[in-house]
Amino acid sequence: MTDVQTLQGVPGNFTATLRTRPRYVDMMKCIACGVCATKCPRGVDDEFNEGLNKRKAVYIPYPQAVPLKYVIDKAHCIYFEKGKCGACEKLCPAGAIDFTQQEKTHHIQVGTVVLAAGSEPFNPSELKMYGYGELPNVVTSMEFERILSSSGPFEGRLVRPGDKAPATRIAWLQCVGSRDTHEDTREYCSGVCCMVSIKEAMIAKEHGGDTLDTAIFFMDMRSNGKDFERYYSKARDEMGVRFVRSRITASSRRMKIRGISS
């Protein structure tokens, strides 16, 4: 709930100006019981679960949030839209809802600043040949991570997002948007996708059992970390994950692929 506005000073003596946005929930009173979310009538796409399910306008951003306190999403709250509702305020047993909270500014002294720029996931929706955004059972790696998670939209059950039926065949398509010179793609290798897909395939095998058919379609296997090659061999030789060296092209769009594609 806090953003850095300005940073002034010299190494060892910085003054950081921080803006804290209103939570509309008193953190000293909130006991994280969840009554407010249960009674909230507004459903919103859950960003943490990659939009695969809904959350409420009053919610905890993710299961391990610190502090474990609820927050009201002002942009989707009926009270802020229409001036009525207030179900969370009426039913909160701790009286923690406070619609009067205002934005606050803080000035703190710090000696060191860490810039964590992060990165942005590639959006495959522009690559029409793969059907992402059109076919409900075509998902990204991040979405599949949430499908596998016990705190995810399907509580760890390996099901297809389109019809919630158990997945029986899963294909991972590698290098989507990378190692490619076409428009809206990247020429370089991400360096992580190979091992991420192998990990996901192995976990999927644990969820789905020996009858689950898992296949990774790859250009080159980049297993260049400590014991990564051993991990790759275990998936192929012991777990039954199939590896198919290939480059999925536009013609593959005509194939009928059942299950989930990542």
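Helix axes here are lines fitted to C-alpha atoms over the stretch in contact, and angles run from 0 to 180 degrees between N-to-C directions. Helices (H or I, at least four residues) and strands (E, at least two) are DSSP runs numbered from the N terminus.

This is a predicted model, in which local features need pLDDT of at least 70 and side-chain atom pairs count only at pLDDT 80 or more, while totals for chains, interfaces and linings use all residues. Residues are numbered from 1 along each chain as its sequence is written, and side-chain values use heavy atoms, with hydrogens and water left out.

**Exercise 1.** Describe how H4 and H5 pack.

*Solution.* Start with the axes: those of H4 (residues 141-148) and H5 (residues 193-208) come within 11 Å and cross at roughly 30°. The two helices are therefore roughly parallel (angles under 35 degrees). Next, find the contact (heavy atoms within 4.5 Å). H4 contributes Ser141, Phe144, Glu145 and Leu148, and H5 contributes Val196, Lys199, Glu200, Ile203, Ala204 and His207. Finally, sort these residues by class: 5 are nonpolar (Ala, Val, Leu, Ile, Met, Phe, Trp, Tyr, Cys and Pro), 3 charged (Asp, Glu, Lys and Arg) and 2 polar (the others, Gly among them).

**Exercise 2.** Now do the same for H5 and H6.

*Solution.* Here the axes lie 10 Å apart, at an angle of about 40°. That makes H5 oblique to H6 (neither under 35 degrees, nor over 145, nor 65 to 115). On the H5 side, Met195, Ile198, Lys199 and Met202 make the contact; on the H6 side, Phe228, Tyr231, Tyr232, Lys234 and Ala235 do. By class, that gives 7 nonpolar, 2 charged and no polar residues.

**Exercise 3.** Which elements each supply at least two residues of the largest nonpolar core?

*Solution.* First, the term: a nonpolar core is a set of buried (under 20% relative accessible area, 1.4 Å probe, protein chains only) Ala, Val, Leu, Ile, Met, Phe, Trp, Tyr and Cys residues joined through side-chain atoms within 4.5 Å. The largest one has 24 residues, and Phe144, Leu158, Ile170, Ile198, Ala204, Ile216 and Phe243 have the most contacts inside it. The elements are H4, strand E8 (169-173), H5, strand E9 (213-218) and helix H6 (228-237). H5 gives the largest share, 6 residues. A second, separate core of 16 residues includes Cys30, Cys36, Val58 and Cys77.

**Exercise 4.** Is Asn49 buried or exposed?

*Solution.* Locate Asn49 in the loop between strand E3 (43-45) and strand E4 (54-56). Its relative accessibility is 4%, so Asn49 counts as buried. Leaving aside residues up to four places away in sequence, Asn49 touches Arg146, Ser151, Gly152 and Pro153.

Conventions: Buried < 20%, exposed > 50% of the residue type's maximum accessible area, 1.4 Å probe, protein only.
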